[in-house]
Amino acid sequence: MIPDEKTVEAICSERRKLCEKTGLTGADVLPEHLHVTLWHVGDDIVPPTSGEIDALIQRACDVEAPPFQICFRRAKSLGRGALVLYGGKGSADLEAISIGLRNVLVRPDAEKKPPSVPHMTLLRSETILPPRAIKPIAWTAREIVLVHSLLGKGIHRHVGRLPLRGRQLSLPGFDF
């Protein structure tokens, strides 16, 4: 999920404030690369083939949800020093979509690892920031975007888009 331009400005402003308040330094994620990580499909320096992308999009189509409000209220460092925004309380829709994507994107014979917390990476730093509240940052999510990140290159390519539509969350393998 990609934030709109106004939200990107708010995110970058909050990142600056966090760094100023905490002395955190590191490599910023470029504004045009900011996105919500819902489910991590895999790491590779080679881009996926068009057939692999088509298969991922086809499976992701099984996750139906209407456009909804994303609101990040917390920031913290994850492993390897990634400063991220995440929802905290009230992020049930994001978490439900993340679980739904896990259920349709992971092969049935593969071990299903626990879902990660949906988050947005802001920067990479060697300094670890414990969880803290931030001024809420919100926008309406209207689509799921498949992003291919080239490892260690700081390059993010949008390789597929899936509009959110529907009247209620309908997630295979997820029981509300």
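Student: In this predicted model, which helix holds K21?

Tutor: The model is a predicted one. Within it, the helix that contains K21 is α1.

Student: Is K21 buried or exposed?

Tutor: A residue counts as exposed when its relative accessible area is over 50%. K21 has a relative accessibility of 63%, and therefore K21 is classed as exposed.

Student: Which helix gives the most to the positive surface patch?

Tutor: The positive patch on the surface consists of R16, K17, K21 and K135. Three residues of the patch come from one helix, which spans residues 5-22. The greatest contributor is thus helix α1.

Student: Is S98 buried or exposed?

Tutor: S98 is placed in helix α3, which covers residues 92-105. Buried means a relative accessible area under 20%. Because the value for S98 is 1%, S98 is buried.

Student: How far does the backbone oxygen of L38 lie from a polar atom of the S98 side chain?

Tutor: The pair joins the backbone oxygen of L38 to a polar atom in the side chain of S98. A polar contact requires the two atoms to be within 3.5 Å. Here the separation is 2.5 Å.

Student: Is S50 buried or exposed?

Tutor: S50 belongs to helix α2, made up of residues 50-60. Its relative accessible area is 56%, so S50 is exposed.

Student: How far apart in space are S50 and V159, C-alpha to C-alpha?

Tutor: In sequence, S50 and V159 are 109 residues apart. In space, the C-alpha to C-alpha distance between S50 and V159 is 8.7 Å.

Technical notes: Residues are numbered from 1 along each chain as its sequence is written. This is a predicted model: local features need pLDDT of at least 70, side-chain atom pairs count only at pLDDT 80 or more; totals for chains, interfaces and linings use all residues. Side-chain values use heavy atoms; hydrogens and water are left out. Patches are made of residues with over 30% relative accessible area and no salt bridge: like charges are joined within 9 Å, nonpolar side chains (Val, Leu, Ile, Met, Phe, Trp, Tyr) within 5 Å. Accessible areas come from the Shrake-Rupley method with a 1.4 Å probe; for residues, only the protein chains shown count as cover. A salt bridge is a side-chain nitrogen of Lys or Arg within 4 Å of a carboxyl oxygen of Asp or Glu. Lys and Arg count as positive and Asp and Glu as negative; His and the chain ends are not counted. The place of a charge is taken as NZ of Lys, CZ of Arg, CG of Asp or CD of Glu. Helices (H or I, at least four residues) and strands (E, at least two) are DSSP runs, numbered from the N terminus. Buried means under 20% relative accessible area, exposed over 50%, partly exposed in between (1.4 Å probe, protein chains only). A polar contact is a pair of N or O atoms within 3.5 Å; within protein, one must be able to donate a hydrogen and the other to accept it, and residues adjacent in sequence count only if both atoms are side-chain atoms.
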